[in-house]
Amino acid sequence: MPALKWGLIGASDIAATRVIAAIHATGAEVAGVVSGSPERARDFAASHGLPRNTADLDELLDWDIDAVYISSANALHFDQAVRALRAGKHVLCEKPLALGASQAEAMVTLAEETGLVLAANHHLPGSPLHVKARELVAAGAIGTVLSAKVAHAVLLPERLRGWRLGQGIPGSGVIMDITCHDASVLNPLLGAPVAVTALAVRQAGWNTGGQEDAAMTVIRYENDGQAPVLAQTHDSFTVGYAETSLEVHGTDGTIQIIDAMTQDTKGQLILTTGDGTRSVDVDCSEDLYVIGLRAFTAAVEGTGVPAATGRDGLMALKVALAAQESAISGRTVHIN
Ligand code: NDP
């Protein structure tokens, strides 16, 4: 199959810093970009050597492209994805897939109806560290899973302290930004998330936007015929000196991943069982976004599945939405 031709929807930081390079690394072409602003579209195309730019999504969808990568403002993802799918384009959409679960559900249904690939650009589930953790769990290396703990407390880089902190901006806040990523890792590992309780606060002096910048969440997972599993997450924009990690505890052992949640990980996976503690070899040399783009390309070619399918993106969103609702209401929120 010839290399994919991509259109970019959104002149974003993540496209500029990660995804354009990842697309190129798969041997694919980027035809151009659409932005809400003609000037930003033009400047972005010039900075990244993209042949075309436009401020009109319909124009981009008329170009000779196979797939779009959506990294616009979160409030635009749903409408843009639906328009792209209706135009016959495969869609790699940034997380959160949409602002509401029913929107994300509609995106998934439309992709299924049209036979096109819809994937969420969660970069962590495809990480070799998390793939290995899932393999170990599936192989029974730690027995029956009981609980998991994610530490994903980081310091938000200054250049990203815009819409993420804006109270009233749809899709802003640490839960939609980071808890959503945690859920993309925990769901395929632990099963069906059914209940979520969260607390969120504002901590940073530099956070003038008003939105919560730190949250702790507890998620209950249930699987047929098994004891419930509890997962706990600590997500923050305000912690500058901590390492991220994931721990998974089972009846017969514990998996510990150090540097588990970062974009560039040298991560280490440690397995402790009755036989002792050992480091499990995992090759972390490949860029996580390249892994995601490769998996997406394989899905388009019919030879693989995305690292995070549209449905995975929907389930991650459901957990984040439940956490957000819980943090506001002070109650446990149940997920259907
Ligand atoms: P940016 O703020 O860089 O870009 C978001 C949108 O804002 C752009 O698409 C652009 O919209 C608009 N924009 C960009 N620069 C300006 C500006 N100077 N003035 C006004 N508007 C501007 O966001 P991010 O790259 O941080 O995030 C984009 C998406 O990617 C989000 O959905 C986010 O959740 C997701 N993300 C995912 C990550 C991952 O690892 N999977 C990591 C980081 C972000 P337009 O071009 O339409 O005008």
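A polar contact here is a pair of N or O atoms within 3.5 Å; within protein, one must be able to donate a hydrogen and the other to accept it, and residues adjacent in sequence count only if both atoms are side-chain atoms. You're working with a predicted model, where local features need pLDDT of at least 70, side-chain atom pairs count only at pLDDT 80 or more, and totals for chains, interfaces and linings use all residues. Residues are numbered from 1 along each chain as its sequence is written, and side-chain values use heavy atoms, with hydrogens and water left out.

**Exercise 1.** Find polar contacts to oxygen atoms of the ligand.

*Solution.* Start with Tyr-289: one of its polar side-chain atoms sits 2.5 Å from a ligand oxygen. Next, try the backbone: an N or O atom of Gly-36 is 2.8 Å from an oxygen of the ligand. Then take Ser-71, where a polar backbone atom is 3.2 Å from a ligand oxygen.

**Exercise 2.** Work out which domains the ligand lies between.

*Solution.* First, look up the bounds, which come from an automatic or database domain assignment: domain 1 is 5-122, and domain 2 is 128-288 + 317-334. Now check the shell (residues with a heavy atom within 4 Å of the ligand). Both domains give residues to this shell, so the ligand lies between them. Finally, pick out the residues that come nearest among the 25 around the ligand: Ala-11, Asp-13, Arg-40, Asn-74 and Tyr-289.

**Exercise 3.** Sort the shell around the ligand into nonpolar, polar and charged residues.

*Solution.* Count Ala, Val, Leu, Ile, Met, Phe, Trp, Tyr, Cys and Pro as nonpolar, Asp, Glu, Lys and Arg as charged, and the others, Gly among them, as polar. You should get six nonpolar, 13 polar and six charged.
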